[in-house]
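Reader: I would like to go through this structure feature by feature, and to learn how each one is read before we turn to the case at hand. Where shall we begin?

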Amino acid sequence: MSRDASDRHRQIPETRSGATVGAVDRAEWLETVRRRKVERFDTLHAPDYDEHWGAVPATHADYVARLVAATPPGGRVLDAACGTGRFFPQLIAAGLRVEGVDASAAMLANAARKHPDVPTRVAGLRTLAVDAPYDAVMCVDALENLPPEDWPAAIAALRAAARDGAPVYLTVERADADDIARLNGEAADAGLPVVDGEMADTDGGYHYYPPRTRVRDWLAEAGLDVVDEADGDDYWHLLCRAAPHSTPDPTTRRTPTATSRRRRRRPSIASLAVGTGAGMAGAVVLLLVAGAFGAAGVVVTAAVEALVVYVLYRWSPTP
Ligand SMILES: C[S@@+](CC[C@H](N)C(=O)[O-])C[C@H]1O[C@@H](n2cnc3c(N)ncnc32)[C@H](O)[C@@H]1O
């Protein structure tokens, strides 16, 4: 467990956004958590972040190298929640053009001091607001700072920041399940409206450890295909590929319009009249055949009628 190790926690039932657990409203509490998170990085972590956390662990370096290998030479890379720019040297050395965003201005100031040529700007992970999609996107050791309510929007924003087919490297913090449960319980006992997987304290310390299945669902919903993954250095590393947005092929498939959908749901009066008339004519024919040839004749005639109806339906022009 890392930087916000004061972020501490027993298994309690999942709540929905806005639910009240104990005396504290969860939605209100989350607003405080988000605000305090930035304040803590600005004031508590930024001053000596590199001193304590500046080294790049082996698994992280390996996955950045995989991201580089999957990026076109000289490509643009977005490091989202770049912090003090810990990975800038590796990306620059590979000949890539890196840009950084982060919610903490103080963390970014450190990055800008070390790498004045790298463009940086303050932005939250849920609101990356990218002008042109990047050739690669990464978000390393940052998502644990987001509550479950914010993950889908953040992952969707990371996907949207990448061009179709681009590599996207994410890490998800892992911790011992018993530790998480214990710290979760302590937070609940302190009256905080935590849900499963969260550890939090009353000073604004907060981390969330989602189940892997949940992360996979969020990635799939956002259009990120996992191409490579590994556990290492306290994180689950995921190298993804931004799945192309599906656009219907006009030569093989029609895109349903509101009008065509309405047409499909509600047949016209004319087609209803023709259908009813044909059905009654068919019934009269069946009665006549039954009188003349008995049950066997009815069966044969009904089969012929069904075949005629199918052929007419199958080959009739689509409106
Ligand atoms: C532990 S640091 C990691 C920084 C960098 N990615 C690295 O690996 O060295 C986490 C970073 O996430 C940033 N952060 C936390 N929540 C954020 C959010 N909602 N939007 C953008 N940045 C956020 C923090 O300001 C901090 O710089």
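Author: Let us begin with aspartate 233, bearing in mind that this is a predicted model. Burial is read by counting neighbours, and a residue with a count between 12 and 20 falls in the middle class; because aspartate 233 has 17 C-beta neighbours inside 10 Å, it counts as partly exposed. Aspartate 233 sits in the loop between S10 and S11, and its phi is near 50 degrees, a positive value in a residue other than glycine.

Reader: How many residues lie between the strands of the hairpin that holds aspartate 233?

Author: The hairpin of S10 and S11 has 2 residues between its strands, and aspartate 233, with its positive phi, belongs to this hairpin. Strand S10 (residues 224-232) pairs with S11 in the antiparallel sense, over 8 bridges, and one can place the register by a single pair, in which alanine 230 has histidine 237 of S11 as its bridge partner.

Reader: Which other strand is joined to S11, and by how many bridges?

Author: Strand S7 (residues 167-173) is joined to S11 by 7 bridges, and these two strands also run antiparallel. Here the register can be read from glutamate 173, which stands opposite tyrosine 235 in S11. Strand S11 itself (residues 235-242) is mostly covered, with 6 of its 8 residues buried.

Reader: Strand S7 contains proline 167; is proline 167 buried or exposed?

Author: Proline 167 is buried, because 25 other C-beta atoms lie within 10 Å and the cut-off for burial is 20 or more. Leaving aside neighbours within four places in sequence, its contacts are Leu67, Ala70, Thr71, Ala136, Leu239 and Arg241. A C-alpha distance adds a second view: proline 167 and valine 137 are 30 residues apart in sequence, yet 6.6 Å apart in space.

Reader: What does a positive phi look like elsewhere, for instance at aspartate 141?

Author: Aspartate 141 has a phi near 55 degrees, again a positive value in a residue other than glycine, and it is placed in the loop between strand S6 (136-139) and H6. Its surroundings are read by the count once more: aspartate 141 is buried, because 22 other C-beta atoms lie within 10 Å. Aspartate 233, by contrast, counts as partly exposed, with 17 such neighbours.

Reader: How should I read parallel strands, and where does S3 pair with S4?

Author: Parallel pairing is best read together with the connection between the strands. Strand S3 (residues 76-80) is joined to strand S4 (residues 97-102) by 5 bridges, and the two run parallel, with leucine 78 standing opposite glutamate 99 in S4. Together with helix H4 (residues 88-93), S3 and S4 make a right-handed β-α-β unit. From S4 the chain crosses through helix H5 (residues 105-114) to S5, in a β-α-β crossover that is right-handed. Strand S4 and strand S5 (residues 120-122) run parallel and are joined by 3 bridges, and glycine 100 stands opposite threonine 120 in S5.

Reader: And which residues have the most contacts inside the largest nonpolar core?

Author: The general idea is that nonpolar side chains tend to be buried together in soluble globular proteins. In this structure the largest nonpolar core has 64 residues, and those with the most contacts inside it are Ala80, Val137, Cys139 and Val168. Helix H6 (residues 151-161) gives the most to this core, with 6 residues. Cysteine 139 touches Ala80, Ala81, Leu125, Leu158 and Leu170, when residues up to four places away in sequence are not counted.

Reader: What about a residue at the other end of the burial scale, such as threonine 43?

Author: Threonine 43, which lies in helix H1 (residues 26-45), is exposed, because it has 11 other C-beta atoms within 10 Å and the limit for this class is 12 or fewer. The C-alpha atoms of threonine 43 and alanine 106 are nevertheless separated by 7.6 Å, although the two are 63 residues apart along the chain.

Reader: Which residues come nearest to the ligand, and what classes surround it?

Author: There are 18 residues around the ligand, of which Gly83, Arg86, Ala103, Ser104 and Ala142 come nearest. By class, this shell has 9 nonpolar, 4 polar and 5 charged residues.

How values were computed
Residues are numbered from 1 along each chain as its sequence is written. This is a predicted model: local features need pLDDT of at least 70, side-chain atom pairs count only at pLDDT 80 or more; totals for chains, interfaces and linings use all residues. A residue is near a molecule or strand if its C-beta atom, placed from the backbone, lies within 6 Å of it. Ala, Val, Leu, Ile, Met, Phe, Trp, Tyr, Cys and Pro count as nonpolar, Asp, Glu, Lys and Arg as charged, and the others, Gly among them, as polar. A nonpolar core is a set of buried Ala, Val, Leu, Ile, Met, Phe, Trp, Tyr and Cys residues joined through C-beta atoms within 7 Å. Helices (H or I, at least four residues) and strands (E, at least two) are DSSP runs, numbered from the N terminus. Two residues are in contact if their C-beta atoms, placed from the backbone, lie within 7 Å. Two strands pair if DSSP finds at least two bridges between them. A crossover is right-handed if, with the strands pointing away from the viewer, the path from the first strand over the helix to the second runs clockwise.
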